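Subject: Structure handover

Dear colleague,

Please find the structure below, with my notes after it. Tell me if anything in the notes does not match what you see.

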Amino acid sequence: MVAIKKGIFSIFLSKVIVGILGLLTLVVLSNYLGTQGRGQISLFLSSVALLQLILDYGNNTSIINLSYQYNKLNLWKSAVLWILIVSLLAQLVVFFIPSFLFLYWVPITAFIYSIFNLNNLILMGQQKVTQRNVLLVVLPLFMLLLFILLFFVNQQSINAYPMAFLLALSVSIIISFKFVLPFLCASEGGFEFNKRILSNGFWIQTSQVIQFFNYRFCFFLIAIYVGESQLGIYNNAIVLAESIWILGHSMGQMLHMKILNSADENSQRQLTTKFIGINFLGSSLLLILLLLIPNSFWEILFSKDFSSMSQLFPFLGLGILSFSISNIINHYFHAKNEFKIILISNLLGFVLGGISAFVLIPQYEIFGAAWSWSIGLLGGMLVYLWAFFFIQKKVKKH
């Protein structure tokens, strides 16, 4: 248990540092680019994330599980081949779709980001938590410093953002190879595409695609119905709300590795239940703290253009607490290869959130988006809870 606590603290600390760097980046972007520029950056990042969802059909988190069973170098090569093919196809596609700012940066950014993530997955499969945590911090640190530098060198142009992102990714991926190469070089044998990556990836990534739209579907609807300026405000609120999940992500990752290295079903379920309670309590306290911060603080931090942002937090609270439960159970089912349950949960959440978004956003704008976000996460959480306790009850009977 001591090792688990140390691992959770290590991951949590690195994610806190990442969160602080992310907040500083938000402050810089919001003050220098305003709500309009922040909205344009949101569309760029959402587009990169959308392409990565397709790339991750062959570069998904099942690589952590599979690294316990298969040749790591072969897994890595299989994932890279998929990433390369899809990225090249995406580069062709962008020439035939309506253009928006930074569209042509999307495929190359997603390609490099996916290779970086792949190296992180290999490290997690080897339980190299410290090295992986270093990589988590390196990327946002370089991103922030390079954006500030390039922003003024390029006469305060918004184009500094994708340039800084690509450069930061390039530096980070070089460092990641230094960490991961010893494990890849230790693997021998000829190359054969590992189909398990795609078979597992179908269930995992279909779930992630659905979850992505559950999280980010509102972004595109806000841009259509309300405008990019309001999207900038909403996106800042979502980033701050999701920062509360740092504790749960830290606990979930350690739970995942603990289950993969343990055969005791009873202790696995007990640890999962314990983590659910701790994470829910911790997330509740962090949410209360977020709600108590006065609006004037956010105006000073981001500028007065973001004065309505804090009004969104009460509407996002239900979703924050719902996911604090789902997050832990998701890691449990992932480690148990129960990908269908994850898919069903995310699908229900997406349906509920999507219907709510179409109904609420045209009338209540970003406040409707906040409600629909919470409704979708609540629906997914209910499925997770039912599946987890139903399986527990079924196992006890046998």
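Helix 12 (313-335) is mostly covered, with 19 of its 23 residues buried. Buried here means under 20% relative accessible area, exposed means over 50%, and partly exposed lies in between (1.4 Å probe, protein chains only). Helices are DSSP runs of H or I with at least four residues, numbered from the N terminus. The model is a predicted one: local features need pLDDT of at least 70, side-chain atom pairs count only at pLDDT 80 or more, and totals for chains, interfaces and linings use all residues. Residues are numbered from 1 along each chain as its sequence is written, and side-chain values use heavy atoms, with hydrogens and water left out.

The length of helix 12 agrees with expectation, because its 23 residues at 1.5 Å each should span 33 Å and its end C-alpha atoms are 32 Å apart. The expected span is 1.5 Å times one less than the number of residues in the helix. After helix 12 comes N337, which has a positive phi near 60°.

On the other side of helix 12, the loop between helix 11 (295-302) and helix 12 contains S303. S303 is not a glycine, yet its phi is positive, near 110°. With a relative accessibility of 17%, S303 counts as buried. Another positive phi in a residue other than glycine is that of E365, at about 55°. E365 is found in helix 13 and counts as partly exposed, with 39% relative accessibility.

Helix 8 (residues 228-242) also has the expected length: its 15 residues should span 21 Å at 1.5 Å a residue, and its end C-alpha atoms are 20 Å apart. Helix 8 is largely enclosed by the rest of the structure, because 11 of its 15 residues are buried. Among the buried residues are L231, Y234, N235, N236 and E242.

N236, in helix 8, has a relative accessibility of 0% and so counts as buried. Leaving out residues up to four places away in sequence, N236 touches L26, S30, R38, F302, F306 and M309. Contact means heavy atoms within 4.5 Å.

Next, the cores. A nonpolar core is a set of buried Ala, Val, Leu, Ile, Met, Phe, Trp, Tyr and Cys residues joined through side-chain atoms within 4.5 Å. The largest one has 55 residues, of which L33, I41, F44, L51, M143, F147 and Y161 touch the most other members. The elements that give two or more residues to this core are helix 1 (2-55), helix 2 (62-66), helix 3 (72-93), helix 4 (106-125), helix 5 (129-153), helix 6 (160-185) and helix 9 (246-260). Helix 6 supplies the largest share of this core, 12 residues. Apart from this core lies another, of 35 residues, which includes L221, Y234, L316 and I320. As for L33, its contacts are V28, R38, I41, F147, F151 and I158, not counting residues up to four places away in sequence.

F142 is found in helix 5 and counts as partly exposed, at 30% relative accessibility. Beyond its neighbours within four places in sequence, F142 is in contact with A168 and V171. The C-alpha atoms of F142 and L184 are separated by 26 Å, with the two residues 42 apart along the chain.

L289, in helix 10 (residues 265-292), counts as exposed, with a relative accessibility of 51%. L289 and L382 are 25 Å apart in space, C-alpha to C-alpha, and 93 residues apart in sequence.

Last, the cavities. A cavity is a set of points, on a 1 Å grid over the protein atoms alone, where a 1.4 Å probe fits but cannot get out, and lining residues have an atom within 4 Å of a point. Grid points are joined across faces, edges and corners, and a volume is the space filled by probe spheres set on the points. The structure holds 2 cavities of 30 Å³ or more, and the largest has a volume of about 60 Å³. Its lining has 12 residues, of which Q211, N346, L377, G380 and M381 lie nearest the centre. Helix 7 (195-225), helix 12 and helix 13 (339-397) are the elements that give two or more residues to this lining. Helix 13 gives the most, with 8 residues.

The lining of the largest cavity divides into 4 nonpolar, 8 polar and no charged residues. In this split, Ala, Val, Leu, Ile, Met, Phe, Trp, Tyr, Cys and Pro count as nonpolar, Asp, Glu, Lys and Arg as charged, and the others, Gly among them, as polar.

Regards

Notes. 1 Å grid on protein atoms, 1.4 Å probe; cavity = no way out; pocket = protein on both sides within 12 Å on 5 of 7 lines; lining within 4 Å.
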